[in-house]
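Subject: Structure handover

Hello,

Here is the structure I said I would pass on. Please look through it first, then read the notes below.

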Amino acid sequence: MLIKRKSGEAARTKHQAVAAGLASGVLDRRAFLRKSGLTAGALAAAGTTQLGSVRKAKAAGSSAVGPDTVIKKNVCTHCSVGCTVTAEVVNGVWVGQEPSWASPINRGTHCAKGAAIRELVSSDRRLKYPMKLEGGQWKRISWDQAYEEIGDKLIQIREKNGADSVYWLGSAKFTNEASYLMRKFAALWGTNSIDHQARICHSTTVAGVANTWGYGAQTNSYNDIRNAKTMIILGGNPAEAHPVSLQHVLSGKEINRANMIVIDPRFTRTAAHATEYVRIRSGTDIPVVWGILWHIFQNGWEDKEFIAQRVYAMDDVRKEVAKWTPDEVERVSGVPGEQLKRVAEKFAKEKPATLIWCMGATQHTVGTANVRALCILCLATGNVGKPGTGANIFRGHTNVQGATDLGLDVTSLPLYYGLVEGGWRHWARVWEVEYEWLQSRFDEVPAAAGRKARTRKENMEAPGITSTRWFDAVNLPPEQIDQKSPVKAFMVFGHGGNTVTRMPEAIEGMNKLELLVVADPHPTTFAALDARQDNTYLLPICTSLEMDGSRTASNRSIQWGEQVVKPAFESKNDYEVLYKLAQKLGFADKLCKNIKIVDGVPEAEDILREINRGGWSTGYCGQSPERLKAHMRNQHKFDLVTLRAPKDDPEVGGDYYGLPWPCWGKPEIRHPGSAILYNTNLHVKEGGGTFRARFGTERNGQTLLAEDSFSRGSDLTDGYPEFTFGVFKKLGWDRDLTPEELATILKIGGEKPDTVSWATDLSGGIQRVCLEHGVSPFGNGKARANAWNLPDPVPVHREPVYSPRPDLVAKYPTRPDERQLRMPNIGFSVQKSVVDRGVAKEFPIILTSGRLVEYEGGGEETRSNPWLAELQQDMFVEINTGDAAERGIKDGQFVWVTGPENASKAKVKALVTDRVGKGVAFMPFHFSGWYQGKDMRDYYPKGTDPVVLGESVNTVTTYGFDPVTGMQETKCTLCQIKAA
Amino acid sequence: MARMKFLCDADRCIECNACVTACKNEHEVPWGINRRRVVTLNDGKPGERSVSMACMHCTDAPCAAVCPVNCFYTTADAVVLHSKDICIGCGYCFYACPFGAPQYPRVGNFGSRGKMDKCTYCSGGPEPDFSTAEYEKYGSNRLAEGKLPLCAEMCSTKALLAGDGEMIAEIYKQRVIKRGYGSGAWGWKTAYRETVAI
Amino acid sequence: MRRVTTLFSTLLVAAMLVAAPAAFAPVQAQNPIQADGQNPMGARPTADSVNEELLFKQESKIRGRISIPDGKAANLIQPQGREYQNFRERWLPWIGALAILGMVAALGAFFLFRGRIMMEHSQESGKKILRFNAFERFTHWMTAVCFIILSLSGLNYIFGKRLLMPLIGPDAFGALSQWAKYSHVYLAWPFMLGVAFMFVVWVRDNIPSKVDWAWIKAGGGFIGKGHPHAGRFNAGQKGVFWMVAGFGAAMGATGLMMLFPFALLDINGMQVMQVIHSLIGIVFIAGILAHIYIGTLGMEGAYDAMGSGKVDLAWARAHHDLWVEKEQARTGSGPQLKGHPAPAE
């Protein structure tokens, strides 16, 4: 890393040694390694397992000439930090990985997963060809047969039960282009029930943050944390979930001697490096945040100027916070007032301070409210919109930010265009598809159970069913499900089956489906359960390293990943599968009307160009494939802290790395992207901005526009609304538009050209002119401390549905039963019953869940990687030393963890540790393949079973959904543990 | 010539295990052999630290001393390597190693050990540099390519340092001065009979 | 298994061979900073982190938690390896050389001083008596052959690189050592079996008695004239028997620990086993050298007992008078030239 023994490249490298073996035509790399001294002594015979793979064997004999090593760059798929992966490819075989020194994000480094990612592609445990289940047996089929049969069934189900009876699930592992293509696919199919992993990780963040200041994303960047003097990490364990981010966090901590405060129920690997650790009771984030704010307001440590200029209705928050005296906070959360006072003082006074959170904050029935409270803490202390501050939200997968942006979401169209007529018409224009035709694709919903009927248009504008409830949408009586028919078919792309809570009910739902299609590099949990006998298909999709496309990291930087090697075995990429399926379903011409098809596969670059043409609302318009590729070529030119390239660089001069959105206007105007959102200290052209004026201009007599605050160099020196052609005319800025731009605006506007806005102007003229005048196209508003459109406009504490403190439920009940997102949410009734039945006595241990560094998500691909699997060979439950002693449980022994619903139970190993406090247990969520004590290995198609199997934590998790996004409760339920 | 050493800055190490899998990736180390590992001390308690450990390439290496067949040798870079052709898998080096570095594949009856395997500091073995034989037996030879061990190069938080002993000690020293604390260069006293004086 | 472990502990303490106080010490490190359960507030993880010095004060090695199943990987630093190295490389070669060469020298001196002990003739000379039956001889020779190969291959672990390697070069030496290792590992089994058989067959005749004391006082007949009384085995032979049984068991047990490394023991246990194995091995080899001397070169007629199994009656009468009487009383006849071999019992 630091010193080289000798400079310059050696004449030959190891890869040539490898290549010599490959070229000899006798052996592939793995086979000849197997002979090595590593696996067997020269004199000793050793039986080794056969791990040959089809593609590599072929590649082995393909060249007799001394082959060259080709370097390919892609992006690691295992979290949202966006580490560049540098692959060395010889003869089409990925033979080695080198550190990606040039990347300003990971600077050569990786975590366990990134450093082992080569095996993800080379793995022979991948799904190799399409398969179908016939009478409980897996059978190999051809792709053509798969498209035919799946297509016929889909058409048949659609005719009988309507478009909404097919549930579409996309993936955070998709590229931006695949995400967009699949969202468009669902729109053309005629449903809004299209979702992905963001639902279960940061949907509440997106909702909470967007409702506060405009956009649902990390405001700053990983690198920017180096500027912070105080950082609070609440409900996050980046040391395990985002290890490379810790490089920046710990550097910041060292360089600035920064305070690093970790607030978590669990003493995590992150907490081990904190300067202060606050242990809270799971599910009491709002009391803790309000407890911090109580001290801030009490002592006048808030940033009064910032609040006056840029925050709406902070006084409403003061009223709520006043209730959270240190005594009450300690009673509810267990955190002593003195400690919170210390935290409060540091966060408010030792600035810049940043707030980092993760799924510990979001995965709750109060997820959105938690996020809102955290945003308000930033706002009250003025810690937004400057270097070293902000809401640094660490997201989970490579492209969970991008997939969210591009609309794999039941509540929006690509790039957060709402499911309203304006949004649909905007995309209809971009797609060059008739709006009326799109409308005709949607179901008419008949009246039921006292609910009114919905027309096609109304249904088109009604949010779909969330992925957390897909099985409820199969299992519940039809009249309870607010659509034409319950879900009959489930199309899963790149999504695990063990990621939803209440697994026993999910399995019941699987059982009832008329069609289940899993398109994934691995069979996933869906294939490993005994729920189904027929009508189940597995489609081998290549990994994202085997395809071109862009990915948006958590910090909104977009990185172009190039195909490292051709898809292994018979696997195909998402573009091709979606396109072929659309062909079968009859709308391929519309899906790819303006997208180039190369050898039957839609071209990633061309999909991105279409995104650019329509992505005005979020500033996805300036990141052309050419610009993104230039960034990958010039990675080394970007600054480590600011992420900016020197202005004089010919290719990427002045750009922020990855053109973090919003990157305004057309690519040609070369907006640099926005490394820090809402930063008024920079000109908009330099990536500066204001809070988005998204919620109107005035409410209850108070202005919603900023006062005396504007971004540097702005022509308007006060708040202003978002820009439309009408506003332009008033300002006289319409004269700055070119004739072509004007023509486009008038064409779009038709009879009402004044309504054409910065977000719907396909010419980009409005944005271009805005930049010239130094204003944010989306206006200059105030962030909202009171978000009146949310169920709890000012966050209030609500006990978890399965509260370990029944005594607090009366005072802090969960929200009343309500219908949300087409489904009933009966959390209140469940909570009442839990208290009435005394469940907390029978199940006295709080169960929380989280991530391990070695695995990711549902864990299927990482558990199939022996380099990773070796490091975590057993599913476990962390149990406190005291709890274990009381139960006679020893470290490493098997225990039963039982849950309070469905008589659920899970057999796991005990990990006795003080990481968890007394009365708390923790289980990682990556395991599956065991179900309630039964090993399901035989249910996998032969040879595709992951190396390590284990119980899924979600077998024992319970009911509870966020009212805004349908987020499931995974971080706080109850359980009992006994020796097995 | 440089005197190559490893230094794990435990105040940066977060037990992400990148070093472990980077090693597996670079050398295709089979299941059950762990040339590098991360140990967490005081797990779950305040003061917890994790340390990545592999062969430290000791000064006056005990493994080399106790080897009954003298299969060890020290390179000009002070990297301790061994010859798998000479090794008999007796296990003595494991008994002598203060860091638990030697690993033995199980190859025969009653747990009998195959030829010893350990961290090579990514610098191969006695065979010619970049030869197939070297790669088969010991993995790749990064040092000869002018590169350093991949574990250190890929360390997520740059906790694990590799390179000339004096230079990495200096880097560590600077860090400790900057941040005001340091839990020390783990294993240095045992391996190199010196510590990093701050 | 537990008994085995206990035996080792006893052996360890009794022998006091090396300073390895931590070998069986409690494994759980005490924590420098106590967490107060729910909310370790005020604890400053950064400032109060564990460090090497502190941990070494609590225990002689540093252990932690690891997720892979290989428990020994949880040891981070175990400086006892240096002590083991010191023993093995600095002391063991000298101890070995001194013990073995010392014994050779002693035997040489004895030979010079006493010469070969010759058979005394009487009227019974020429008549034979069966001393060891076929099974006994098979057992003896199986064990003996194994022992010799085990000794040589064992000594190779200590002296091979010092003596042999410079002569034949590293490659040949490596190959040879590999075979030596395999023979050491595989022949350990018949050796252990042989020791067990010998114990069962001969233990009855090796229980010490008053006669032995008289035999020792009389110097065993090596010094001066005349033969003290002796049963089937004289005190010297009994000594060899118990040495073989005891050392054999110890070598077997410590060897098994090394054949199944870490099955029962941790790293320090393994070091101790290795130390015990090598020290006993050396003493064992020295002892057996004496046994070989007296059974072959040192005494005329002794070899026949294990050679043909039949010894000259006069020799038997001289050296094992009580046994001959008992044997004749039992069979009620003179010298046995034919008939059933004595049962092994």
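In chain A, 66% of the 980 residues are buried, that is, with 20 or more other C-beta atoms within 10 Å of their own (12 or fewer is exposed, in between is partly exposed; C-beta atoms are placed from the backbone). This is a predicted model, in which local features need pLDDT of at least 70 and side-chain atom pairs count only at pLDDT 80 or more, while totals for chains, interfaces and linings use all residues. Residues are numbered from 1 along each chain as its sequence is written, and chains are lettered from A and ligands numbered from 1 in the order in which they are written.

Chain A has 37 helices and 34 strands, counted as DSSP runs from the N terminus (helices H or I, at least four residues; strands E, at least two). Its radius of gyration is 27 Å, which agrees with the value near 30 Å for a compact globule of 980 residues (taken over C-alpha atoms; the rule is 2.2 Å times the number of residues to the power 0.38).

Between chains C and B, 56 residues of chain C are in contact with 42 residues of chain B, where contact puts the C-beta atoms of two residues within 7 Å. Helix α5(C) gives the largest share of that side of chain C, eight residues.

One residue to look up is C:M142, in helix α4 of chain C. C:M142 is partly exposed, with 17 other C-beta atoms within 10 Å. Leaving out residues up to four places away in sequence, C:M142 touches C:P190 and C:G194.

Regards
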